[in-house]
Amino acid sequence: MVAINYRVDHVKKNKYSRPGDKLLKVQAGVIHYTANKYANAEDHQVYFDGDDGGAYRYAGAHIFIDKHEAVEIIPLDEVAYHANERKAGPLLPSLKASTSFYPGGNANLLTIGLEMCIEEDGTFHPDTIARTQLVCKRLQKQFPALRDTKNRFVRHYDITGKNCPAPYVASPSAWNAFLAGIDAPVIEAPKVVVPPKPKYNSKYTSKPEERLGTVVLKGTTMNYRTEPDINAPIVKQLPAYHGADPERPVHLYEVKGEWLRLGRGWISNAKGAYAVVKLYDKKEEEEMKKQVIVVNATDDFPAALRLSNRIGAGLVSLFNAKKEQYAKEAIVVGGSATGIKADKVTNLSGDSYFTTAAKVDEYISKL
Ligand SMILES: [Zn+2]
């Protein structure tokens with residue numbers, strides 16, 4: 001028995017995660033998993049909020065659910081980009097739709113996306129499962145079309161063939177049990193009041209071009225605050241592994257006295273006790289601008305990040321890379337390289353994300 005603990009915390013409108021286009025109607029609920037074992041529902045709200053909409057990627061979903069709460073980050077009458085990576089359109093013809101503002105025929109115009117957070121071992125916590133079932137029930141009250149559970153709640157996999165949500169692609173019986181649980185009578189636990197977490201200060205961004213250098217953290221759990229002030233609210237505690245590996249330092253964006261800004265939050269580095277800072281010198285800064293990594297789809301992110309960690313180049317979306325020039329050389333990791341603005345284009349795209357990843361690793365091995 002869990003409480004639904006449903007709260008609404010919409011991200012601001014932005015072209016990447018909340019375009020503001022209206023759904024044509026609600027035809028189905030699409031179940032996803034976040035595949036991100038270090039982030040809960042709130043973390044995803046923070047990630048997709050802001051002008052960058054989550055690292056300038058066209059992605060998002062309406063509701064994120066973890067073992068403590070459910071957070072609606074996009075209004076349920078608006079489009080979210082969650083189930084349309086298949087160029088030929090959805091595998092379920094009933095979910096194929098298009099409009100002038102979103103042509104091509106896809107499922108995002110007719111569906112609500114639900115993202116289930118995972119635990120560190122990659123599984124769903126039982127409370128996450130139970131809470132997601134409660135959210136589905138809630139949606140069925142709101143949208144009568146969803147009441148035919150077995151036909152109206154589908155896996156991302158059913159629409160595009162993507163391995164999502166992986167635990168329910170691997171186990172169809174677990175998926176059927178999940179659906180059966182939506183229809184089972186549920187006695188909901190009373191609402192538990194979860195105190196709202198402090199927000200990141202929206203004036204701080206984490207654009208690649210603003211980096212000052214890198215930071216290796218000294219392995220202790222550290223408080224990540226909204227402002228460079230010991231009395232400022234703590235957004236979260238960085239886990240011990242975060243940035244502790246010298247091979248994978250975290251990016252530094254700003255320094256104020258003993259305070260370091262890593263992305264959108266601050267840590268104290270009093271007496272240099274908590275972090276080893278390495279500032280880019282001018283030459284390295286120039287080096288950085290020599291290359292940029294161009295990414296098209298979420299599936300290519302692991303390979304793109306491996307390359308980014310290795311060569312220190314920032315990431316930019318394929319869409320933006322075709323609009324303006326970001327660096328002398330563009331290294332394309334997924335998608336068509338035609339039309340990219342750069343002096344030199346290195347194309348590492350394969351036919352699938354597997355072959356792209358193989359090309360990236362081959363490229364890295366030759367560096
Ligand atoms: Zn998915």
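## The four-stranded sheet

Four strands make an open sheet here, ordered 16-15-17-18 and paired in parallel (strands are DSSP runs of E with at least two residues, helices are H or I runs with at least four, and both are numbered from the N terminus; two strands pair if DSSP finds at least two bridges between them). Strand 16 (314-317) and strand 18 (344-347) sit at the edges, each pairing on one side only. From one strand to the next, the twist averages 30° (axes are lines fitted to C-alpha atoms, for helices over the stretch in contact, with angles from 0 to 180 degrees between N-to-C directions).

Inside this sheet, strand 15 (residues 291-295) and strand 17 (residues 329-333) run parallel and are joined by five bridges. One such match puts valine 295 with valine 333 of strand 17. Helix 8 (residues 301-311) packs on the sheet, touching strand 15, strand 16 and strand 17, and makes about 170° with strand 15 (contact means heavy atoms within 4.5 Å). Helix 10 (residues 353-365) also packs on the sheet; it touches strand 15, strand 17 and strand 18, at about 140° to strand 17.

## About the model

This is a predicted model, where local features need pLDDT of at least 70 and side-chain atom pairs count only at pLDDT 80 or more, while totals for chains, interfaces and linings use all residues. Residues are numbered from 1 along each chain as its sequence is written, and side-chain values use heavy atoms, leaving out hydrogens and water.

## The six-stranded sheet

Now for the other sheet: six strands, open, with mixed pairing and the order 1-4-3-5-2-6. Its edges are strand 1 (6-8) and strand 6 (153-155), each with pairing on one side only. Neighbouring strands are turned by 25° against each other on average, direction ignored.

Strand 2 (residues 28-33) runs parallel to strand 5 (residues 111-116), with six bridges between them. Alanine 28 stands opposite threonine 111 of strand 5.

## Two helices that meet

Helix 2 (residues 126-142) runs at about 165° to strand 5, and helix 6 (residues 172-183) at about 160° to strand 6. The two helices pack at about 55°, with axes 9 Å apart. They are therefore oblique to each other (neither under 35 degrees, over 145, nor 65 to 115). Residues in the contact include Ile129 and Cys136 of helix 2 and Phe178 and Ile182 of helix 6.

## A buried threonine

Threonine 99 is in the loop between strand 4 and strand 5. Its relative accessibility is 15%, so threonine 99 counts as buried (under 20% relative accessible area, with a 1.4 Å probe and protein chains only).

Key:
Buried means under 20% relative accessible area, exposed over 50%, partly exposed in between (1.4 Å probe, protein chains only).
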